Amino acid sequence: MKPVRTDGIDPAARSRARRRALQALYAWQMSHSAIDAVIDQFRLEQDMEIADLEYFEALVRGVAGKTEELDAKLSKFIDRSIAQVDPIERAVLRIATFELLYRPDIPYRVVINEAIETTKRFGADHGHTYVNGVLDHAATEWRATEIQASRR
């Protein structure tokens, strides 16, 4: 039997929200459309009732609103400019960076695992290994206290 969460969060709906957020952010990166227009388009075209819509919007708006800051934080951990990172991997890294920095309620392992799985599904053949390496190094700095506590 699947354990019941007492916080009301549906992990499967959150995973779907992350996948939808990746698709929306990818569309935003490629089209340079207004983020509200992208979100509205996804509301109309995607099967959002099976995703956590509130979390989807929080991720999309959070990443879009903090792109420069997220990219600056990521630059320390990537081996090229952010513009040279594959667009799917870039969007995944931005989402995960947002979660690692601004969503301490989400365990770092969940953030990294979701990023890897999303990249496996939508990214290049070995893109997930790059995303994993970047996020492992970043989490070591950004979530050091959490990581140390988990090792005890």
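**Helix packing in the predicted model**

In helix H6, the buried residues are Tyr108, Val111, Ile112, Glu114, Ala115, Ile116, Thr118 and Thr119. The model is predicted. The buried residues of H6 pack against four elements: helix H1 (11-31), helix H5 (87-102), helix H7 (127-142) and helix H8 (144-151). H6 itself comprises the 15 residues 108-122, for which a rise of 1.5 Å a residue gives an expected span of 21 Å. The C-alpha atoms at the ends of H6 are 21 Å apart, so the model agrees with that expectation.

Leucine 100 belongs to helix H5. Its relative accessibility is 3%, and because buried residues are those under 20%, leucine 100 is classed as buried. Leaving aside residues up to four places away in sequence, leucine 100 touches Tyr108, Val111, Leu135, Ala139, Trp142 and Arg143. Two of these contacts, Tyr108 and Val111, are also listed among the buried residues of H6. Threonine 119, another buried residue of H6, is 19 residues from leucine 100 in sequence, and the C-alpha atoms of leucine 100 and threonine 119 are 17 Å apart in space.

H5 is also packed against helix H4 (residues 67-75), with the two axes coming within 10 Å and crossing at roughly 90°. That angle falls in the range from 65 to 115 degrees, and H4 is therefore roughly perpendicular to H5. On the H4 side, the contact involves Thr67, Glu69, Leu70, Asp71, Lys73 and Leu74. These residues meet Leu93, Arg94, Thr97, Phe98, Leu101 and Tyr102 of H5. By class, the contact of H4 with H5 holds six nonpolar, two polar and four charged residues.

The packing of H1 was examined next. The axes of H1 and H2 come within 10 Å, at a crossing angle of roughly 135°. This value makes H1 oblique to H2, and H1 passes H2 in a right-handed crossing. The contact is formed by Arg20, Gln23, Ala24, Leu25, Ala27 and Trp28 from H1, together with Ile35, Val38 and Phe42 from H2. Seven of the residues in the contact of H1 with H2 are nonpolar, one is polar and one is charged. Arginine 20, which lies in helix H1, has a relative accessible area of 11% and is therefore buried. Arginine 20 and valine 131 are 111 residues apart along the chain, and their C-alpha atoms are separated by 18 Å.

H2 takes part in a further contact. Helix H2 (residues 35-45) packs with helix H3 (residues 53-65) at an angle of about 155°, and their axes are 11 Å apart. Since angles over 145 degrees count as roughly antiparallel, H2 and H3 are assigned to that class. H2 passes H3 in a right-handed crossing. Ile35, Asp36, Ile39, Phe42 and Arg43 of H2 meet Leu53, Phe56, Glu57, Val60, Arg61 and Ala64 of H3. The contact of H2 with H3 is made up of seven nonpolar and four charged residues, with no polar residues. Ile35 and Phe42 of H2 appear both in the contact with H1 and in the contact with H3.

Terms used. Residues numbered from 1 in each chain as written. Predicted model: local features only at pLDDT ≥ 70, side-chain atom pairs only at ≥ 80, totals over all residues. Heavy atoms only, no water. Helix = DSSP H or I, 4+ residues; strand = E, 2+ residues; numbered from the N terminus. Expected span 1.5 Å × (residues − 1). Buried < 20%, exposed > 50% of the residue type's maximum accessible area, 1.4 Å probe, protein only. Contact = heavy atoms within 4.5 Å. Axes fitted to C-alpha atoms, helices over the stretch in contact; angles between N-to-C directions. Parallel < 35°, antiparallel > 145°, perpendicular 65-115°, else oblique. Left-handed = near helix turned anticlockwise from the far one by under 90°. Nonpolar A, V, L, I, M, F, W, Y, C, P; charged D, E, K, R; others polar.
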